[in-house]
Amino acid sequence: MAVDRERIAALVRELLEAIGEDPDRPGLRLTPERVADAYGEFFAGVGADASAPLAHTISVTRGPAPDTLPSGAVMLRDIRFRSVCEHHLLPFRGHAHIAYLPGEKVVGLGALPRVVEILASRPQVQERLGEQIADVIAASLDTRGVLVVLDASHECVTMRGGQQSDTSTVTIAARGELANPVARAELIALLSSGLGGGRE
């Protein structure tokens, strides 16, 4: 469902008036439409099917390389994402790191960032975002385990309140065999050098 840009523009105009500004002054005249366009991007994932990018899988045993069955995890690090915190409608952004233990089928690696993008393009909280990514991958692929680590910087922390500009938040969501802390320890160690992306 596309956002109602006309309605957003009208509400932004009202918001500008509510903070004591003049929405008709030159610097703000086009702001309502600009915000409406930005919101169209920020919230494009509302109502979208996050599992759709995972619909096309590749058979490991009958695929193009049947002699290269993965014995361990498939990992994709440093997937950039941005989202909007639903508490203050302020942005948070960072990196997602995803690993899964494949079964008989794998997915093209380009599909995983698309899942992150769809789920992040909604009003979110980081804790739920990681859980949703893990759920979609676990439900859509033939996996033995899924691990999702998000490292992000939140403007509700860096710009307001204590204004901790160097703070990032790390969350972990795990499914299947990787829900066992011992089983995921090796992957966490491999990911550790990739953490810190949210502080850029």
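Good morning. Let us begin at one pair of residues: Cys 85 stands opposite Gln 124 in strand 5. Strands here are DSSP runs of E with at least two residues, helices are runs of H or I with at least four, and both are numbered from the N terminus. Two strands pair if DSSP finds at least two bridges between them. Strand 2, residues 74–85, and strand 5 pair in the parallel sense over 2 bridges.

Before going on, a word on the model. It is predicted, with pLDDT of at least 70 required for local features and 80 or more for side-chain atom pairs, while totals for chains, interfaces and linings use all residues. Residues are numbered from 1 along each chain as its sequence is written, and side-chain values use heavy atoms, without hydrogens or water.

Now the protein as a whole. It contains 6 helices and 7 strands. Reading from the N terminus, the elements follow the order α-α-β-β-β-β-α-β-α-β-α-β-α. Its C-alpha atoms fill a box of roughly 65 × 35 × 20 Å along the principal axes. Of the 200 residues, 40% count as buried; buried means under 20% relative accessible area, exposed means over 50%, and partly exposed lies in between, for a 1.4 Å probe and protein chains only. Contacts, meaning heavy atoms within 4.5 Å, also tell us about the fold. Among contacts with a separation of 6 or more, 70% come from residues 24 or more positions apart.

Let us turn to the sheet. It is an open sheet of 5 strands in the order 5-2-3-6-7, and its pairing is mixed. At the edges lie strand 5, residues 123–124, and strand 7, residues 169–176, each of which pairs on one side only.

We can now walk across this sheet. Beginning with strand 2, we find 9 bridges that join strand 2 to strand 3, and the two run antiparallel. Within this pairing, Met 75 stands opposite Ala 99 in strand 3. The hairpin of strand 2 and strand 3 has 5 residues between the strands, and there Leu 89 takes a positive phi near 55°.

Strand 3 then pairs with strand 6 in the antiparallel sense, over 11 bridges. Two partnerships illustrate this pairing. Ala 99, which we have just met opposite Met 75, has Leu 147 as its bridge partner in strand 6. Likewise, Leu 101 has Gly 145 as its bridge partner in strand 6.

The next step takes us from strand 6 to strand 7, which pair in the antiparallel sense over 8 bridges. Here Leu 150 stands opposite Thr 171 in strand 7.

How many residues of strand 3 are buried? Strand 3 is mostly covered, with 10 of its 12 residues buried. As for strand 6, residues 143–154, 10 of its 12 residues are buried, so strand 6 is largely enclosed by the rest of the structure.

Which strands does helix 3 lie across? Helix 3, residues 111–120, lies across strand 2, strand 3 (91–102) and strand 5, and runs at about 15° to strand 2. That angle is taken between N-to-C directions, from 0 to 180 degrees, with axes fitted to C-alpha atoms and, for helices, over the stretch in contact.

Why is helix 3 described as largely enclosed by the rest of the structure? The reason is burial, because 7 of the 10 residues of helix 3 are buried. These buried residues are Ala 111, Leu 112, Val 115, Val 116, Ile 118, Leu 119 and Ala 120. Their cover includes helix 2, strand 2, strand 3, strand 4 (105–107), strand 5 and helix 4 (126–140).

Finally, consider a contrasting position. Is Gly 47 buried or exposed? Gly 47 is exposed, with a relative accessible area of 72%. Its place is in the loop between helix 2, residues 31–42, and strand 1, residues 57–59. The C-alpha atoms of Gly 47 and Asn 180 are separated by 32 Å, and these two residues are 133 residues apart along the chain.

To conclude, I would ask you to look once more at the open sheet with the order 5-2-3-6-7, and at helix 3 lying across strand 2, strand 3 and strand 5. Thank you for your attention.
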